[in-house]
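Trainee: I would like to go through this model one point at a time. Please give the reasoning before each answer.

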Amino acid sequence: MALLALRGIGMRYGAVQALTGIDLDVTEGEVLALCGDNGAGKSSLVKILSGAQAPSEGTLTLDGDATRFRGPQDALRRGVATIYQDLAVAPRLSIWQNVFLGSELTRPPFGLLDKRRMAEASRGYLARLAVTIADMDTPVERLSGGQRQAVAICRALRWDARIIIMDEPTAALGVKETAQVLDLIRRLHAEGRTVILVSHAMGDVVAVAQRVVVLKGGRKVADRPVQDSSGTLEAAELAQIIIRGAASGIPLDPFLKNRLI
Ligand SMILES: Nc1ncnc2c1ncn2[C@@H]1O[C@H](COP(=O)(O)OP(=O)(O)OP(=O)(O)O)[C@@H](O)[C@H]1O
């Protein structure tokens, strides 16, 4: 049974039909990449999955139960955490404050913040991702881009999120930090978490995802494993699917291939 299942999802903004008839099964423990060109409908779908907006049509099933998220916090409580590239962390706050934002630990009898326990637990979450940072009081704005993503993921782990949606997590990062973030995704996968990766970076997608879903003009035009009996999906082939709208079987355009690999 799919952990999360969408059936006939549609999204309209006035006269704009942003999504039409989206059926999607998300299997527990997979890294699923959501791809598509600008305006394909990825953000609209992420907003629906994250509880930020309700679909105009269709149903969403979580663990077999028909579900309507009342907002992002409701989705988070039910195990779906979304990490937006720019809004992932509060830059001025420390690592532990970010990890425990909205779910702070307190100490009896006066309910004072239990800073030490939160700092220790934050270190523990980071260790699960194989990330070491010396001082948990460090404001997140002083961390590298890869470390910030790690802190944002720790917040999702704090909520014990089963599904972690990452929106363009490597878009603003250099080569080394991108590699770090891909490693974070692999570690989440190894922990059995489900990751939905929204990305324009096709190399990243084929490096970490097991399955790719491509949207075009608000419709799902491809849904296939990265690895199947015919081999591994290449970044250039994925680019062609995104541009043309479906696996065409046409040999790779050499121009595209040279530019994308
Ligand atoms: N709030 C809105 N009001 C009106 N139209 C919208 C709104 N949000 C999105 N759209 C339209 O819906 C379509 C899908 O947009 P969406 O942002 O979901 O695509 P996307 O794949 O995330 O694109 P990008 O990669 O550029 O963010 C586009 O035509 C867009 O202009």
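The questions below cover the ligand shell, one helix, a helix pair, the core and one loop residue.

Mentor: This is a predicted model, in which local features need pLDDT of at least 70, side-chain atom pairs count only at pLDDT 80 or more, and totals for chains, interfaces and linings use all residues. Residues are numbered from 1 along each chain as its sequence is written.

Trainee: Which element gives the largest share of the shell around the ligand?

Mentor: A residue is near a molecule if its C-beta atom, placed from the backbone, lies within 6 Å of it. The residues around the ligand include Tyr13, Gly36, Lys42, Ser43 and Ser44. Strand E2 (16–26) and helix H1 (42–49) are the elements that give two or more residues; helices (H or I, at least four residues) and strands (E, at least two) are DSSP runs, numbered from the N terminus. The largest share, three residues, comes from H1.

Trainee: How many of the residues of H1 are buried?

Mentor: Buried means that 20 or more other C-beta atoms lie within 10 Å of the residue's own, exposed means 12 or fewer, and partly exposed is in between, with C-beta atoms placed from the backbone. Lys42, Ser44, Leu45, Val46, Ile48 and Leu49 are the buried residues of H1. H1 is thus mostly covered, and the count is six of its eight residues.

Trainee: How are H4 and H5 oriented to each other?

Mentor: Helix H4 (residues 115–128) packs with H5 at an angle of about 110°, their axes 9 Å apart. Axes are lines fitted to C-alpha atoms, for helices over the stretch in contact, and angles run from 0 to 180 degrees between N-to-C directions. Angles under 35 degrees count as roughly parallel, over 145 as roughly antiparallel, 65 to 115 as roughly perpendicular and the rest as oblique. H4 and H5 are therefore roughly perpendicular.

Trainee: Which helix gives the largest share of the largest nonpolar core?

Mentor: A nonpolar core is a set of buried Ala, Val, Leu, Ile, Met, Phe, Trp, Tyr and Cys residues joined through C-beta atoms within 7 Å. The largest one has 76 residues, and Ile153, Ile164, Ile196, Leu197 and Val212 have the most contacts inside it. Seven residues, the largest share of this core, come from helix H5 (residues 145–158).

Trainee: Is leucine 93 buried, exposed or partly exposed?

Mentor: Leucine 93 sits in the loop between strand E6 (80–84) and helix H3 (95–99). Because leucine 93 has 16 C-beta neighbours inside 10 Å, it counts as partly exposed.
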